[in-house]
Amino acid sequence: MHVRNVHERCFGVSPTHIGILLDGLGSDDDRLWPSSRWPRMSFDRPLEVGATGGHGPIRYEVEAYEPGRIVRFRFHAPSGFEGFHAFEVVAAGVPWTTLRHALEMTARGPALFTWPVVFRPLHDALVEDCLDAAARAVGEAPASRRWSVWVRILRRAYQLLARRRAFRMCAA
């Protein structure tokens, strides 16, 4: 199954302002990733081609990076995710800049089920939260949508599973 999923938002600031947010991904000063609400994005080194990491169960490697303009991540996990996701800063005419997140992949095997039922709803909510974080960082009002009931159920289930795993590791 081919998947193309794009989210974007236009901001009334220069590409430099949005590019600074992009360049901070995974750092201690990351103002784009909503780590107060989602598993933190982290890497084995600073953001650069070859850095590996991810967020939660999603694992990837930086396969392309142009500071202030684009970063593209190649999926390594979960199973069946064959493709990439990327953030791109696009000049949209003075003083406007678009921040775009695109995911393009072929879902195979277990991902034929997990992408539409589990990961897509969570992904969509997370990316919208990223765009809201960008809005706040540049002094604009976030769109702030309430998560769907399904997203809230999935997040609760994930939290319960994580606690259960942690308990088993402590008891061992």
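**Exercise 1.** In this predicted model, work out how the residues lining the largest pocket divide into nonpolar, polar and charged.

*Solution.* Start with the total: 27 residues line the largest pocket. They split into 19 nonpolar, 6 polar and 2 charged. Next, look towards the middle, where Pro57, Ile58, Phe119, Leu122 and Tyr158 lie nearest the centre. Now ask which elements take part: strand 4, strand 6, strand 7, helix 2 and helix 3 each bring at least two residues to the lining. Helix 2 gives the most, with 7 residues. As for the space itself, the pocket holds about 570 Å³.

**Exercise 2.** Find which residues touch the most other members of the largest nonpolar core, and which helix gives the most to this core.

*Solution.* The core has 43 residues, and Leu25, Val71, Phe73, Phe87 and Leu99 touch the most other members. Among the elements that each supply at least two residues are strand 1 (2-11), helix 1 (15-23) and helix 3 (149-171). Helix 2 gives the most, with 11 residues. Then zoom in on Val71: setting aside neighbours within four places in sequence, its contacts include Leu22, Leu25, Tyr65 and Phe87.

**Exercise 3.** Explain which parts the salt bridge between Glu88 and Arg69 ties together.

*Solution.* First, check the pair: their side chains meet at 3.3 Å, N to O. Then place each partner. Glu88 sits in strand 6 and Arg69 in the loop between strand 4 and strand 5, so the bridge ties together parts 19 residues apart in sequence. Finally, follow the shared partners: Glu8, Glu66, Arg69, Glu88 and Arg100 are joined by salt bridges into one network.

Terms used:
Residues are numbered from 1 along each chain as its sequence is written. This is a predicted model: local features need pLDDT of at least 70, side-chain atom pairs count only at pLDDT 80 or more; totals for chains, interfaces and linings use all residues. Side-chain values use heavy atoms; hydrogens and water are left out. A nonpolar core is a set of buried Ala, Val, Leu, Ile, Met, Phe, Trp, Tyr and Cys residues joined through side-chain atoms within 4.5 Å. Buried means under 20% relative accessible area, exposed over 50%, partly exposed in between (1.4 Å probe, protein chains only). Helices (H or I, at least four residues) and strands (E, at least two) are DSSP runs, numbered from the N terminus. Contact means heavy atoms within 4.5 Å. On a 1 Å grid over the protein atoms alone, a cavity is a set of points where a 1.4 Å probe fits but cannot get out, and a pocket is an open set with protein on both sides within 12 Å along at least five of seven lines; lining residues have an atom within 4 Å of a point. Grid points are joined across faces, edges and corners, and a volume is the space filled by probe spheres set on the points. Ala, Val, Leu, Ile, Met, Phe, Trp, Tyr, Cys and Pro count as nonpolar, Asp, Glu, Lys and Arg as charged, and the others, Gly among them, as polar. A salt bridge is a side-chain nitrogen of Lys or Arg within 4 Å of a carboxyl oxygen of Asp or Glu.
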